[in-house]
Amino acid sequence: MSAVANEDAGDGTRALIFALVALACGHMLSTLLRTIPALSLDLMAADFKLEPQALASLTSVYHFAFAASQIPVGAAMDRFGVRPVSLSLLAGTVVGAIASGFATGPESFAIGQLLLGIATSGMLMCPMTLAAKQLSAARFGLWSGAILSIGNIGMLLSSSPLAFVVDHYGWRAGFWIAALGAVAVALAVFALVPNQQADHKDESSPLSQMIEVLRLGLSRPLRGLIALALVSLATSLVLRGLWGGPWLMQVKGLTRVEAGNLLGAYTLAMIAGPLCMGVIDRKIGRRRELVAGTHTIAALLVALLALGAPHYAVAWLFGVSVMPPQYDLVLFVLIGLATSAQPLLFGMCRQLVDAQTAGKALAAVNLAFFLGTALMQSTTGAVAAFAGLPAVLLFMAAALFVGVLIFLAYTSPTRAIGSSTSSA
C-alpha cells in the first residue's frame with residue numbers, strides 16, 4: 001500500500017513540475033516580448049518614420065497596460081482558475097504578437113503593444129499561483145526562484161539569437177516567432193496544467209480590489225518598499241530591454257550580434273543573481289541592509305556605465321576617447337547581479353503586514369515594479385531626445401539612488417515596522 005501511495009505521490013509531483021514548467025514558459029515568452037525593442041529599435045523607428053527616442057516612449061504602452069492589468073488578472077484567477085486564464089492570456093499573446101509584427105505605423109504598433117501588455121500581464125502570476133496552492137512554504141521558495149530563472153531565459157533569446165533573426169529576416173520576424181511560441185506554450189498548458197476548481201474567496205469587483213491595493217501601497221509601512229520597487233525593476237528592464245542595444249551599437253559601435261552577446265551576458269547575471277541573493281540573505285540575515293546596499297551599488301555602476309561614453313569622466317581619466325566594450329561587459333554583469341535583490345522586497349513586504357492583507361500588499365509591490373518600468377521607459381525616451389544616451393543612464397542612476405534614500409527613510413528601525421497598515 002505504501003509503495004502504491006509513494007508511486008502516486010511521485011506521479012503527482014512530476015505532473016505538478018511539468019505544469020509549472022509549462023506555465024513558466026509563458027513567463028519566458030513575456031520577457032522575450034518586452035525586450036525585443038532593445039535590438040531592433042533603430043529598424044522599427046526607420047520603418048515607422050519616427051525618431052528612435054519617440055518610439056522608445058511609445059513602447060511604454062506595453063508596460064502601462066501590463067501594470068494596469070495585474071489586479072484584474074489576479075481576480076480572474078481567483079474566480080476561474082489558473083488554466084483557463086493562462087490559455088486566454090496566451091491566445092491574446094498570439095493576437096498581440098501578430099498585430100505588432102504586421103504594424104505599419106506608430107498607431108498600429110501601439111495597439112499591438114497594448115494587447116501584448118494585457119495578455120502577458122499574468123504570465124508570472126499563473127505559475128506562482130499554482131505553486132502557492134500546491135507546494136509547502138519551503139518548496140514554494142525554491143520554485144519561485146526557478147520560475148523567475150526560467151522566465152529570464154526569454155531575455156537570453158532576445159539577445160544574440162534575436163540579433164541574428166533581426167539581421168537576416170527583419171525585426172517583424174521576432175514577433176512572428178513569439179506568436180508561434182505562444183501557440184506551442186498554449187498546447188503545453190492545455191495538455192499539462194490541471195483544470196482545478198477556482199477559489200471564490202474574494203467576490204469584490206476588480207475596481208474595489210485595485211483601490212484596496214493602491215491604499216496599501218500608499219500606507220506608511222509600505223511606502224519605502226514601493227518607492228524602491230518603482231525604480232528597481234525599471235532600471236534593469238529598461239536598460240536590458242530598451243537602451244542597452246542602442247547604447248552598445250550607437251555609442252560603442254558594436255554590431256547587432258556583438259551587442260546581443262553582451263546583453264546575453266547581462267541576462268545570465270540576471271538569471272543567476274536571484275539565487276545568489278537568496279543564499280546571501282539567508283547567510284547574513286540583514287535583508288534591509290542587503291537590499292539598500294546592492295541597489296546603491298547598482299546606481300553607482302549605471303553611472304559609471306554612462307561616464308564611459310566619449311569625452312565623459314571615466315574615458316578622460318583613462319586617457320581614451322571612449323571606454324572599450326569590455327568595460328561595458330563587466331558593468332552589465334555587475335548591474336545584473338546587484339539588481340537581483342529585487343525579489344527580497346516581496347519578503348520584506350510579507351513581514352510588514354498581517355496575513356489578511358498579505359496578498360494585496362504583495363500585489364501593490366508587483367504593481368509598483370511594472371508601473372515604475374512604464375514610467376521609466378516613457379520618461380527616458382524624452383531624456384534621450386533632449387540630452388542623449390549618457391544622460392539617460394545618469395537619469396536612471398539618480399532615480400535608483402533616490403529610491404534607495406526613500407526606502408532607507410521609511411524602513412528605518414526607529415519607525416514602527418510592525419505597525420498596522422490601517423494607521424496610514
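## The chain as a whole

Of the 424 residues in the protein chain, 54% are buried. Keep in mind as you look around that this is a predicted model. What kinds of secondary structure does the protein chain have? The chain comes to 20 helices and zero strands, so every element named below is either a helix or a loop between helices.

The accessible surface of the protein chain is about 17600 Å², and carbon and sulfur atoms account for 70% of that area. Contacts also tell us how the chain folds back on itself. Among contacts in the protein chain with a separation of 6 or more, 82% are between residues 24 or more positions apart.

## The nonpolar core

In soluble globular proteins, nonpolar side chains tend to be buried together. Here, the largest nonpolar core has 131 residues. Which residues touch the most other members of this core? They are Trp243 and Leu345. Helix H13, which spans residues 220-251, gives this core its largest share, with 16 residues.

Let's visit Trp243. Once its neighbours within four places in sequence are set aside, Trp243 is in contact with nine residues that you can find in the model: Leu41, Gln53, Ala56, Val238, Thr380, Gly381, Ala384, Leu389 and Val392.

## Aromatic rings that meet

A pair of aromatic rings is described by the distance of the centres and the angle of the planes. The structure has nine aromatic pairs. One of them joins Phe48 and Trp171, with 5.5 Å from centre to centre and 80° between the planes. The pair is edge-to-face because its angle is over 60 degrees. Where in the chain do Phe48 and Trp171 sit? Phe48 belongs to helix H2 (residues 37-48), while Trp171 is in the loop between helix H10 (160-169) and helix H11 (172-192). The pair links distant parts of the chain, as the two residues are 123 residues apart.

Are these two residues buried or exposed? Phe48 has 6% relative accessibility, so it counts as buried. Trp171 counts as buried too, because its relative accessibility is 4%. Ring pairs also bring Phe48 and Trp171 into a cluster with Phe109 and Phe175. Elsewhere, a charged residue meets a ring: Arg83 lies over the face of Phe190, 4.7 Å from the ring centre.

## Helices H1, H5 and H11

Helix H1 (residues 2-35) is home to His27. With a relative accessible area of 6%, His27 is buried. Apart from residues up to four places away in sequence, His27 touches Met123, Leu124, Ile147, Leu148 and Gly151.

In helix H5 (residues 70-80), the buried residues include Gln70, Ile71, Val73 and Gly74, along with Ala75, Ala76 and Met77. Just after H5 comes Gly81, which takes a positive phi of about 100°.

Val183 lies in helix H11. Its relative accessible area is 39%, so Val183 is partly exposed. Val183 and Leu87 are 96 residues apart along the chain, and their C-alpha atoms are separated by 9.7 Å.

## The loop between H17 and H18

Ser340 is in the loop between helix H17 (325-338) and helix H18 (344-352), and Ala341 is found in the loop between H17 and H18 as well. How much of each is accessible? Ser340 has a relative accessible area of 6% and is buried. Ala341 is at 0% relative accessibility, so it counts as buried.

What do these residues touch, leaving aside those within four places in sequence? Ser340 is in contact with Ala269, Met270, Gly273, Pro274 and Met277. Ala341 touches Met277, Val291, Thr294 and His295. Ala341 and Leu233 are 108 residues apart in sequence, and 9.9 Å separates them in space, C-alpha to C-alpha.

## Cysteines and disulfides

A disulfide is a covalent bond between the sulfur atoms of two cysteines. How many disulfides does a search of the whole structure find? The count is zero, so no pair of cysteine sulfur atoms lies within 2.5 Å. Cys126 counts as buried because its relative accessibility is 1%. Cys349 is buried as well, with a relative accessible area of 0%.

Technical notes: Residues are numbered from 1 along each chain as its sequence is written. Side-chain values use heavy atoms; hydrogens and water are left out. Rings of Phe, Tyr and Trp (its six-membered ring) pair if their centres lie within 6.5 Å; planes under 30 degrees apart count as stacked, over 60 as edge-to-face and the rest as tilted. Helices (H or I, at least four residues) and strands (E, at least two) are DSSP runs, numbered from the N terminus. Buried means under 20% relative accessible area, exposed over 50%, partly exposed in between (1.4 Å probe, protein chains only). A charge sits over a ring if NZ of Lys or CZ of Arg is within 6 Å of the ring centre and within 35 degrees of the ring normal. Contact means heavy atoms within 4.5 Å. Accessible areas come from the Shrake-Rupley method with a 1.4 Å probe; for residues, only the protein chains shown count as cover. A nonpolar core is a set of buried Ala, Val, Leu, Ile, Met, Phe, Trp, Tyr and Cys residues joined through side-chain atoms within 4.5 Å.
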